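Me: I am new to this structure and should like to understand the terms applied to it. Please set each value against its definition.

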Amino acid sequence: MKVFRRLLTYSYRYKGRLVAGILLSFLVSIFNGASLTSMVPIFDSLGTSKDYKFKIALTKRDSYLLEKIQKKQSISRLEVIESKVTFLKLRVNSYFEELEPNEVVFTFVILVFPVYIMKLICLMGAIYFINSTGALAIRDLRLEIYNKVQYLPLDYFLKEKTGILMSRIINDVDILGKIISADLKDAIIDYFYIVTHLLLLFFLSWQLTILVFVVIPLIMGPISAFTEKIRKATKSQQERLSALNGHLQEIIAGIRVIRAFSMEKRESEKFFKINDELSGKTFKGHFYHQVGPAIIELTGSLVAAIFLSFGAYLISGENFSKGMFLAFFLTLVFIMRPLKQMSVMFNLIQSAVSAGDRVFEIIDTKTDIENSIQVEKLPKKIQKINLVNITYTYPGVQKKALDDISLEVKRGETVAFVGDSGAGKSTLKDLLSRLIDPTEGFVSFDDIDIRRFNFAELRDRIGVVSQDVFLFNASIRENLTMGKNYSEEKILQSIEDAYAADFIKSLPQGLETLVGENGVMLSGGERQRLSIARAILRDPEILILDEATSALDNESERQVQNALEKLYKNRTVIIIAHRLSTIQIANRIYYLEEGKIVEHGTHDELISIPSKYKILYEYQFSATS
């Protein structure tokens, strides 16, 4: 219930709507009770002789007050109010004393109609206010999850399958949406039905009502027996559905590899296993959902038989008419449905708890980076970048990705990092963009820790061209501008500088051509040129190139390299490369090995001495000769 209460906090944000819906739900139950009570005089009047007169029975309290008033004894303020109710009963009785039985029936039929109209109006209002509250609450919850996903640690996306994450955001949130909108509306109305109609039953016959309270535990017993089974079955069902989504996403993304290695049969077997488990769990969950209410309905039928027998006995007395018995029986039959619905609602809450656990697990995941409370203003021009005793260890990994790195990069310098895969080069890139924060030490711009700068402002100063180019399923123009406004002249100049103009002009719709999911309509070299054009268009103060020309052929690489070298002017450039031909112009080259800087210097300095850089350079040079 902790998860359910937390879920309801999203509805409490719209408490005005929620309170209005609850009040209208209460009125729905009151009007429904009034319509059922009106059946008493109707049933009592049907088939009776003309001597029958409908009367509202006076209580002992009414008789006591009338006696005090006749004796002119003083009465309290509360008794004054009670006496007015008593006199109203007398006036009603006086009115109906003049009517024949058929006229009594006609009068109450006329009175019932507006009661039903009011019930309908209140029901429509309750549906609108409670359902809209739930819809707004789920909108806020889904937005909160989406915003949280934007700041989850990068390693979270490596550990969690995309399909499973999507299932949590879509399928699980849909389950929660239903429970706090339509289902919540039903639960509130059913709750008021049960409370008000139990009071009505007590008013009609306290003896039969006591019997109701004896029987209720018999009805709740089967509910309790199935609750735990339903919770377990539903949780397993959602977990298997998430696993199925994750598997499908992985298969679709890796279909080329699967076919290339003839893995179709193996993947089909895996799918069959997950799908078979999902089918079994789904059947079990549906079975329990269906059987639970059926057992309650059977119990209700047995209870009805008991009440019919006991009611016949009470009718033989003087204070319990057949109209009261029929009204009691109709009310009892009516209340069975809310009781049944509440049992189903309780089962649905168990389902929502399982889904809520998975949803709130995402929301409660701690982010590894956060915006500073006291944000510093970025310098107009960043004069230097310092890495001070930087150590970084990825979560769940013991080996350090970076180990006590310290260096300084001045404005306008071009600095390169080289080394084998896993040496820590890309980790340095992520630290400078503040995609991750160091485990120890800090990165500073002009001696100010970058953790004191606003995310957006900091990253707006930095342009990254990566070997892993990501393009949205949108037009080339949208992938270049990334939601910002640039002049047409500047856009055209950026694609010229990136040597992308020729292939863009050859496309059917030019800049408006859709590139497909992750740029599937373009070649690897074309995607990388767009990435470079995007960075040129942004005109960043700090430019980070992570294998920026790795997907280009030799001629294109030469052309793009010339374009990039133009960008190096009046700009701080950090190059991460395996191909050493792209970094010879760097002011300083750092050679990384197992997260440490083992040597640094200019290209000429490093090849003039016995160095790891020289060995790597000579190997690449000989391989291309």
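Reply: Helices (H or I, at least four residues) and strands (E, at least two) are DSSP runs, numbered from the N terminus. This is a predicted model, in which local features need pLDDT of at least 70 and side-chain atom pairs count only at pLDDT 80 or more, while totals for chains, interfaces and linings use all residues. Residues are numbered from 1 along each chain as its sequence is written, and side-chain values use heavy atoms, with hydrogens and water left out.

Me: What makes the stretch that holds Lys425 a helix?

Reply: Lys425 belongs to H14, which covers residues 425–432. A helix is a DSSP run of at least four residues, so this stretch qualifies. In total, the chain has 22 helices and 10 strands.

Me: Why is Lys425 called buried?

Reply: Buried means under 20% relative accessible area, exposed means over 50%, and partly exposed lies in between (1.4 Å probe, protein chains only). Lys425 has 7%, and is therefore buried. Of the 625 residues in the chain, 46% are buried.

Me: Which residues are in contact with Lys425, leaving aside its neighbours within four places in sequence?

Reply: Contact means heavy atoms within 4.5 Å. With those neighbours left aside, Lys425 is in contact with Phe417, Val418, Gly419, Asp420, Ile576, His578 and Leu592.

Me: Is Asp368 buried or partly exposed?

Reply: Asp368 has a relative accessibility of 32%, and so it counts as partly exposed. This residue is found in the loop between helix H13 (322–364) and E1. Its contacts beyond four places in sequence include Tyr151, Pro153 and Leu435. The C-alpha atoms of Asp368 and Pro438 are separated by 9.8 Å, and the two residues are 70 apart along the chain.

Me: How do you know that E1 and E4 pair?

Reply: Two strands pair if DSSP finds at least two bridges between them. Strand E1 (residues 384–392) and strand E4 (residues 440–445) are joined by 5 bridges and run antiparallel, so the requirement is met. Val388 has Phe442 as its bridge partner in E4, and Thr391 has Glu440.

Me: What makes E4 and E5 a pair?

Reply: E4 is joined to strand E5 (residues 448–449) by 2 bridges, and the two run antiparallel. As at least two bridges are required, this pair also qualifies. Phe445 stands opposite Ile448 in E5. The hairpin of E4 and E5 has 2 residues between the strands, and Asp446 there takes a positive phi near 50°.

Me: Which strands form the open sheet with antiparallel pairing, and in what order?

Reply: The sheet has 4 strands in the order E2-E1-E4-E5. Strand E2 (402–410) and E5 are its edge strands, as each pairs on one side only. H14 packs on this sheet, touching E1, E2 and E4, and its direction makes about 120° with that of E1. For such angles, axes are lines fitted to C-alpha atoms, for helices over the stretch in contact, and the angles run from 0 to 180 degrees between N-to-C directions.

Me: Why are Arg168 and Glu361 said to form a salt bridge?

Reply: A salt bridge is a side-chain nitrogen of Lys or Arg within 4 Å of a carboxyl oxygen of Asp or Glu. The closest N and O atoms of Arg168 and Glu361 are 3.5 Å apart, so the pair satisfies the definition. Arg168 lies in helix H8 (residues 162–179) and Glu361 in helix H13, so the pair ties together parts that are 193 residues apart in sequence. Arg168 is buried, at 10% relative accessibility, whereas Glu361, at 41%, is partly exposed.

Me: How do you know that Asp172 and Arg358 meet in a salt bridge?

Reply: Their N to O distance is 2.8 Å, and therefore falls within 4 Å. Asp172 is in helix H8 and Arg358 in helix H13, 186 residues apart. Asp172 is buried at 0% relative accessibility, and Arg358 is buried at 7%. The structure holds 30 salt bridges.
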